[in-house]
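Q: Here is a set of short questions on why certain labels apply. Please look at the structure first.

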Amino acid sequence: MSVKRETYTKSGRISYFTRIYHTRPVDSPQEAVVLVHGLGISGTYMHFLASELANKYIVYVPDLPGFGYSSKPPHVLNIQELADALRDWARAIDLKKAWYLGNSTGCQVIVDFAIHNSDMVNGVILQGPAIDPYHRTVGDQLLRFVTNTPDEPSAQMLIMMKDYRLCGIRRVRKTFGFALIYETEKFLPKVEVPALVVRGDKDELVTREWAEEAARLLPLGSLRIIEGVAHTINMAMPQELAGVADEFIDNHVKVKEYESATV
Amino acid sequence: MSLLMENEKLSVVITGASSGIGRAAAMEFARNGHKVALTARRKEVLDEVAKSCERIGGQTFTYAMDITDEKAVYEFARQANHKFGKIDVWVNNAAVAMMGPFEETPMEDIKRLLDVNLNGYLYGARAAIPYFRKQGHGMLINVSSIVGVNGQPFSIAYTTSKAAIRGMSLCLQQEFAQEKNIHVCTVLPATVDTPLFNNAANFMGREIKAMEPVVDAQSVAEEIVSLVNKPRPEVFVGGMAIQTSLMKHLSPDMFAKMYNKRVQSQHFKEDLSAPQHGNLFEPNWNISSIDGGWIRNGESRAIKSQVRNTFWLGLILAGAITGTAMYFSNKAKTH
C-alpha cells in the first residue's frame, strides 16, 4: 500500500506544494514519475493515478505556481514560464531525472520543459495533449469543453470547481489565453526523449487526427488509445492509464538496462 | 475596433524598455507571443531583456540609443519595421523624473528632462505614424502620469512633460478621429513601483521615496497590453489615480493645499540629499529591474490600501448622497 506525503518546497519567491506517493522508501533506487496537472486545476485530481503508479514508482504531483496550493506570482505565467517553474521545482526537490506525465495543458508545459531540459527527462507521456491546432479558437475550445464534460466522472466537476476557486478566474482565463497561443505542434519535433501520446476515444478536446499527428511529430513518439473515456483519463480510468504508462516506462527501462549490459 | 485578430502576432515598439514599466510591458507583450522592438540607452541591459522575452515566446529586436537623438529614433523605427515587416503598436514610455522646488531646479536640467520626456515622445509619434498611415492601422500608446492631469508640486519639469504628453495625445486623437483603425491612447498611472524614483534627479535637499499607495508595474503593463484588444483614449491605473482626480474636481483649492502637504511629507524621506542629476544625462548602470523596491510587503500592500481608500471614498460618497437626499426631503416637507 502506498503512502502519501505532502510538502512545501521553496525556490526563489515561489513556494511549491508537492504530493509524494511511494511504497518503497524514498531513498531506495526507483524510477520517479512526475504528474503535471492541466489548466486552472491543481494536482488533486491526479490522486487515483498517483496511487496506482506508486505501487511501483515514486510519484511526485506538484502544483504549478498560481495553481492549487503553490504560491501565486503577481503576473500570470505563460506556458514557457510554467515550464521554467517546473524546472525550478525539480531542482528544488533535487529530482535529477524523471518520467513526466501530463494531462491537457500540463502536456504543453512538459513539452517545453523537455525541450529545454532534456537531461532531466527520461521520457514523457502526453495524455490528451492540448491544444488541438485544428480547433484553436476560444469558441471552439469552450464548446468542446462543454460537450466533453458529460463523459467525465462527476467528482471531477467538484474538484475542478474548488481548484478554479483556489486559482482565481482571472488566472484561469489568462492561462487559457496563453495555452491557446502556445503552438504545441511546432514544438513537438524538438522533443528528443521517448514520448507517448495517450488519448481517450471520447475526448472532444483532443481529436483523433490531432493525437495521431502529435505522435507523428514527436521524433520518438507513439500513440495509445484508451476506449470508453474522455479527456481526463487520470480521473476516469486511472488503472488503465497507469497500466499504459507502466508499460511504456518499463519497456524503456528494460531497453536501457539491456543496452548498458551489452556495452 | 480591436487591432488584434485571433492568434495574430503584433509588432510592438517599446521605448525605455530596460527597466520599470517598459520592461514589464515588453515581458507582457512577449508573454502573449507578440514581437517586441526594444530601445533604451543601455545595450547590455536591452539584450538581457530581449533574452528573457525570447524565452517566453516573443521575437525581439534591440536598438540602443538616446531617445533625444531624433535621427536615431527614425532609424530605429525603420529597422524595426524592416525586421518585423510592420509596426502595429508604438509605446512611448522612456522617461526620467526630477524633483525639487521650482526656483532651485537648474534650467539645464529642466530643458534636458523636457527633451527626454516630451520631445522623445514627439519623435516616437513622428516615427510611428507614417507606418500607421501606410498600413492603414496602428496604435500609439503614450505613457503619461496622473500628475499630468492633477499636477504635482516640486516636480515642475516632470509635471509639465506629463501634462504636455496628455495634450499631445488629445490632439492626435482628434486629428485621427476619422481614421477608424488608428488609435492614440494615454495611460495615466498613479505612483508605480519602478526605479523611476531611485533614478530621479533631486534638488529638494531630502531623499526621494515613492508616495503611497504604490501600484506594481505589472498592473500598468497589463493595462497597456489590454489596450490592443480594447482601445480606450485614456486609462487610469491604480485606485489613487481616480480618487485624486475626483478630489481635484470637487474642490481644487483644498486639493492643492492638501496635495502640497502630502507630497512634502510623504514623497520624501527624512534623510538629507545633495543635489544630483539622477539618470537625466547618463544612465544608471546599477538598476535594471522592473520594480524599484517600493512595495515592501509584496503585492498585498498596494491592493489593501487601494481597497481601504475605495472603501472610505465610497463611505463619503454615500454620506453625501444621503445628506443631499435628506436635505431635499426636509425641504419638501416644510413647503
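A: A salt bridge is a side-chain nitrogen of Lys or Arg within 4 Å of a carboxyl oxygen of Asp or Glu. The model is predicted.

Q: What makes A:Arg208 and A:Glu212 a salt bridge?
A: Their closest N and O atoms are 2.8 Å apart. The cut-off is 4 Å, so the pair counts as a salt bridge. Both residues lie in helix α8 (residues 208-217) of chain A, 4 residues apart, about one turn of the helix.

Q: Why is A:Arg208 called partly exposed?
A: Its relative accessible area is 42%. Buried means under 20% and exposed over 50%, so 42% falls in between. A:Glu212, at 31%, is partly exposed by the rule for values in between.

Q: Why is the link between B:Arg166 and B:Glu234 called a salt bridge?
A: The N to O distance is 2.8 Å. The limit is 4 Å, therefore the label holds. B:Arg166 lies in helix α6 (residues 156-175) of chain B and B:Glu234 in strand β12 (residues 234-237) of chain B, so the pair ties together parts that are 68 residues apart in sequence.

Q: Why do B:Arg166 and B:Glu234 count as partly exposed?
A: B:Arg166 has 22% relative accessibility, and B:Glu234 has 23%. Buried means under 20%, so neither value qualifies as buried. Exposed needs over 50%, so partly exposed is the label.

Q: What makes B:Arg31 and A:Glu81 a salt bridge, and why does the pair join two chains?
A: Their side chains meet at 2.6 Å, N to O, and the cut-off is 4 Å. B:Arg31 lies in helix α1 (residues 20-31) of chain B and A:Glu81 in helix α2 (residues 79-92) of chain A, so the pair joins two chains. Both residues are buried. They also belong to a network of salt bridges with A:Arg170, A:Lys174, B:Glu28 and B:Glu222.

Q: What makes B:Leu317 eligible for a nonpolar patch?
A: Patch residues need over 30% relative accessible area. B:Leu317 has 40%, so that condition is met. B:Leu317 sits in helix α10 of chain B. The patch also holds B:Leu246, B:Leu250 and B:Ile321, with about 410 Å² of accessible area together. Helices α8 (239-250) and α10 (300-334) of chain B each give two or more residues to the nonpolar patch.

Q: How do you know that strands β2 and β4 of chain A pair?
A: Pairing takes at least two bridges. Strand β2 (residues 14-22) and strand β4 (residues 58-62) of chain A have 4, so they pair, in the antiparallel sense. A:Thr18 stands opposite A:Pro62 in β4(A).

Technical notes:
Residues numbered from 1 in each chain as written. Chains lettered and ligands numbered in written order. Predicted model: local features only at pLDDT ≥ 70, side-chain atom pairs only at ≥ 80, totals over all residues. Heavy atoms only, no water. Patch = residues over 30% accessible without salt bridge, like charges linked within 9 Å, V, L, I, M, F, W, Y side chains within 5 Å. Areas by Shrake-Rupley, 256 points an atom, 1.4 Å probe, with all protein chains shown as cover. Buried < 20%, exposed > 50% of the residue type's maximum accessible area, 1.4 Å probe, protein only.
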